[in-house]
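Reader: I'm new to this, so could you take me slowly through one part of this model? I'd like a close look at how two helices meet, and then how that part fits in with the rest.

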Amino acid sequence: MTTPSLLILAGDGIGPEVMAQVRRIIDWFGDKRDLKFEVSEDLVGGAAYDAHGTPLTDATMARAQEVDAVLLGAVGGPKYDDLDFSVKPERGLLRLRKEMDLYANLRPAQCFDALADFSSLKSDVVAGLDIMIVRELTSGIYFGEPRGIIHEGNERVGINTQRYTESEIARVARSAFELARRRSNKVCSMEKANVMESGVLWRQVVTEIHAAEYPDVELSHMYADAGAMQLCRWPKQFDVIVTDNLFGDMLSDMAAMLTGSLGMLPSASLGAPMANGRPKALYEPVHGSAPDIAGQGKANPIACVLSFAMALRYSFDAGAEADRVEAAVQQVLADGLRTADLIGEEGRAPVSTTEMGDAILAALDESL
Ligand code: IPM
Ligand code: MG
């Protein structure tokens with residue numbers, strides 16, 4: 001069997017710092033579990049713009065298409081705010097998603113026992129929370145045409161288009177139903193069928209796929225605004241939520257914060273299977289580049305570490321090793337280690353990014 005390949009795109013802001021800890025864990029698997037990866041690194045986002053004048057070079061794009069999985073840190077920063085839209089750091093990430101056709105974005109929102117008190121919601125509302133948002137990632141208003149800023153009469157008009165084809169809805173619905181079968185067998189689909197035709201079609205197609213292929217899964221529908229309200233009110237009513245690109249962007253940030261910190265949550269973006277049977281895949285933390293704390297050793301590496309765990313699970317058939325990483329994270333949190341994002345007002349002294357990495361590696365050693 002050939003050695004599986006990983007492309008690391010650490011990106012901007014805290015991306016390189018949190019990714020450095022993931023590198024140590026990848027090396028640990030090579031040394032201690034004989035699970036070796038051929039790792040290459042490249043630039044994305046503002047870092048790529050600084051070096052090449054584009055947030056993603058064609059060469060990097062081609063490499064991303066070849067490897068078994070891409071691990072991404074974060075992109076963006078205030079330094080790039082005034083750049084032309086076409087070369088903004090975010091365009092690099094959106095190009096990867098689009099050209100790799102990573103249509104199913106899996107965003108788990110899981111409350112770690114040790115952090116239940118840290119949520120802005122009451123701890124009984126979030127304790128034990130484990131939901132999965134499946135966000136459509138390659139279509140909808142993020143990519144629809146026409147788009148742009150045009151002149152009409154004597155004023156400017158900003159235009160974006162929400163557009164979904166039946167097949168785009170069907171394939172992400174299948175991803176959600178498949179996942180639900182491996183979890184609590186429940187899917188809630190969210191759109192705005194009361195206002196948007198794309199929402200009407202979304203609801204129809206999800207209902208048809210359900211009836212034809214997944215009648216054993218419990219399906220419900222909610223308007224996305226009501227869904228947001230229910231997520232705050234009683235999030236444990238949900239198992240898998242499937243929704244479009246823009247609603248998924250917002251609902252997943254909200255769901256993430258329910259659990260205490262955006263610094264904790266990973267994501268997987270999956271496409272169709274490649275020739276070797278593995279899905280096209282990119283793994284990244286849900287959090288952004290956090291320019292306000294970049295370069296200070298304060299960032300929480302856990303979301304990025306858990307993103308690598310998702311890679312082990314979804315790309316490399318190593319579910320037991322993914323469990324091992326997740327258990328190590330649970331362990332260090334239970335031991336009381338906290339990075340700055342997890343320290344409340346009267347909290348104890350936070351540990352640094354590297355110290356959190358040290359502790360996770362120690363917990364991995366203990367697991368052997
Ligand atoms: C996300 C981010 C991205 C998005 C940005 C960085 C383009 O917010 O992954 O949720 O809007 O999809
Ligand atoms: Mg977002």
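Author: Start with the spot where Ala224, Ala228, Leu231 and Cys232 in helix α8 meet Phe247, Leu251, Met254 and Leu258 in helix α9; contact here means heavy atoms within 4.5 Å. Sorted by type, the residues of that contact come out as eight nonpolar, no polar and no charged. (Ala, Val, Leu, Ile, Met, Phe, Trp, Tyr, Cys and Pro count as nonpolar, Asp, Glu, Lys and Arg as charged, and the others, Gly among them, as polar.)

Keep in mind that this is a predicted model, where local features need pLDDT of at least 70, side-chain atom pairs count only at pLDDT 80 or more, and totals for chains, interfaces and linings use all residues. Residues are numbered from 1 along each chain as its sequence is written, and side-chain values use heavy atoms, with hydrogens and water left out.

Now the geometry. Helix α8 covers residues 224-233, and it packs against α9 at an angle of about 5°, with the axes 10 Å apart. Axes are lines fitted to C-alpha atoms, for helices over the stretch in contact, and angles run from 0 to 180 degrees between N-to-C directions. α8 and α9 are therefore roughly parallel to each other, a label for angles under 35 degrees. As for the names, helices (H or I, at least four residues) and strands (E, at least two) are DSSP runs, numbered from the N terminus.

What else does α9 touch? Helix α9 (residues 245-258) lies across β4, β5, β8 (186-191) and β10 (240-243), and runs at about 155° to β5. Those strands sit in an open sheet of ten, in the order β2-β1-β3-β12-β11-β4-β5-β10-β8-β9, with mixed pairing; two strands pair if DSSP finds at least two bridges between them. At the edges stand β2 (38-42) and β9 (218-223), each with a single partner strand, so one side of each has no neighbour in the sheet. From one strand to the next, the twist averages 20°.

Another helix packs on this sheet too: α4 (residues 89-99) touches β1 (5-11), β3, β4 (104-110), β5 (130-136) and β12, and its direction makes about 155° with that of β12.

Finally, zoom out. The domain assignment gives domain 1 (1-103 + 265-368) and domain 2 (130-258); such bounds come from an automatic or database domain assignment. Taken over C-alpha atoms, the centres of domain 1 and domain 2 are 25 Å apart.

Note on methods:
Chains lettered and ligands numbered in written order. Parallel < 35°, antiparallel > 145°, perpendicular 65-115°, else oblique.
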